[in-house]
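Dear colleague,

Please find below the structure that I am handing over to you. My notes on selected residues follow it.

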Amino acid sequence: MSDIDISRRRLLGTAGAAGAAGLGLGATGGAAVYAATSDSGGRADAKALTSVGSTSAPFHGEHQAGITTPLQSRGHLVAFDLAAGAGRKEAAALLRRWSEAARTLMAGEPFGDGDTGVALDAGPSSLTVTFGFGRTFFDRTGLAARRPSALDPLPDFSSDHLDPRRSNGDLWVQIGADDSLVAFHALRAIQKEAGDAAKVRWQMNGFNRSPGATAQPMTARNLMGQIDGTGNPKPSDDDFDRRIFVPASGDPEWMAGGSYAVVRRIRMLLDDWEKLARGEQEKVIGRKKSDGAPLTGGSETTELDLDKTGPDGKLVVPSNAHARISAPEQNGGAAMLRRPFSYHDGISADGTPDAGLLFICWQADPLRGFVPVQRKLDRGDALSPFVRHEASGLFAVPGGARDGEYVGQRLLES
């Protein structure tokens, strides 16, 4: 992207944004998307920091950070509802405070005199803070006439078991960092700066493999053990911006440079999944577990040969394999940038692991990205018996703030 420097240190130190393959969990999504910088932010001790600690992402730019930024090892997703009586004026003041907190913390600096000190001694650690608006935000602020049609509610899917208490929200914040304390520090700052203007509706905490944990950068694995992503749209693709970001000429104007985030809490039924032999797991996904290569042969990045049959005359990649059903060529070219976190919230009441994927995907229009693929998966994905969609949200994420602006200013003050 034109606004973002590519950090060689980052390239050598971590795998890129590896998305949930297909929609869900490990078949086709996720190329390396490197977009972090290694600016020290003027820290006197920057040379003493490790590469992980010193890497930073820019706050200002055409797009918000946290979309094409490399996948971080720790994440927090938080939705807020505006407090009773709070409207456009209070929302603008809140986004101004939040933006200043994000700008400061992403540079690796303490935030204000009341900084908790949780992140002292650490650098920016690739911290990103990303802000979005839910459908109800526009009603609460008197801006319903400026609500994008792309925020129309997602359709119902047969695999949904959604908890409304953990779905949607007026405002959404995504926090990511390569250090847990840095991520928590930002989370606390955002929660404190909400003040009386907004209250937490739900919070979800996630993780990924740490940078440098593998001998060389590689695509991440999810909690099913599958290599989780290979075919995400790449910034080098001619149509990358068109698929992921709202154009400057788009509608509405205030969303120029922005994107739409679909957020799903997808529980993995790990006890059932782990009863399957490896060969059966590979047939469900359509890829080898060892290296993510298609069952039709080649390496991880080899395209699936969806027409190939074996000696028995049957399709090598089964007709209901996750990789087949979610492939762009099976969905009219529908594409999204998948950028998930795994989660583990202990043991549920039935004694099974409450674990899975915090699925986040980005696209210029969810009706052309997420929806057609999920509809297809909903009609016969072999992975469906092993996952459960338990929460959902759709958020309009405006473009990045220019110097001197706060995120969302072009909506709230125009």
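**Notes on three residues**

Serine 125 is buried, with a relative accessible area of 2%. Please bear in mind that the model is a predicted one. Serine 125 lies in the loop between H3 and S2, and its phi is positive, near 55°, although the residue is not glycine.

As general background, most residues other than glycine have a negative phi.

Aspartate 121 also deserves a look. Its place is in the loop between helix H3 (88–106) and strand S2 (128–133). Aspartate 121 is not a glycine, yet it has a positive phi of about 85°. Is aspartate 121 buried or exposed? With a relative accessible area of 72%, aspartate 121 is exposed, because that value is over the 50% cut-off.

The remaining notes concern glutamate 282, which is found in helix H8 (residues 278–285). Glutamate 282 is buried and yet has no salt bridge. Which side chain of opposite charge is nearest to glutamate 282? It is that of arginine 278, 5.1 Å away; a salt bridge would require a distance within 4 Å, so this pair does not count as one.

The side chain of glutamate 282 does reach the backbone nitrogen of lysine 289, at 2.9 Å. Leaving aside residues up to four places away in sequence, glutamate 282 touches Arg287, Lys288, Lys289, Ser290 and Leu295.

With kind regards

Definitions and conventions: Residues are numbered from 1 along each chain as its sequence is written. This is a predicted model: local features need pLDDT of at least 70, side-chain atom pairs count only at pLDDT 80 or more; totals for chains, interfaces and linings use all residues. Side-chain values use heavy atoms; hydrogens and water are left out. Helices (H or I, at least four residues) and strands (E, at least two) are DSSP runs, numbered from the N terminus. Buried means under 20% relative accessible area, exposed over 50%, partly exposed in between (1.4 Å probe, protein chains only). Lys and Arg count as positive and Asp and Glu as negative; His and the chain ends are not counted. A polar contact is a pair of N or O atoms within 3.5 Å; within protein, one must be able to donate a hydrogen and the other to accept it, and residues adjacent in sequence count only if both atoms are side-chain atoms. Contact means heavy atoms within 4.5 Å.
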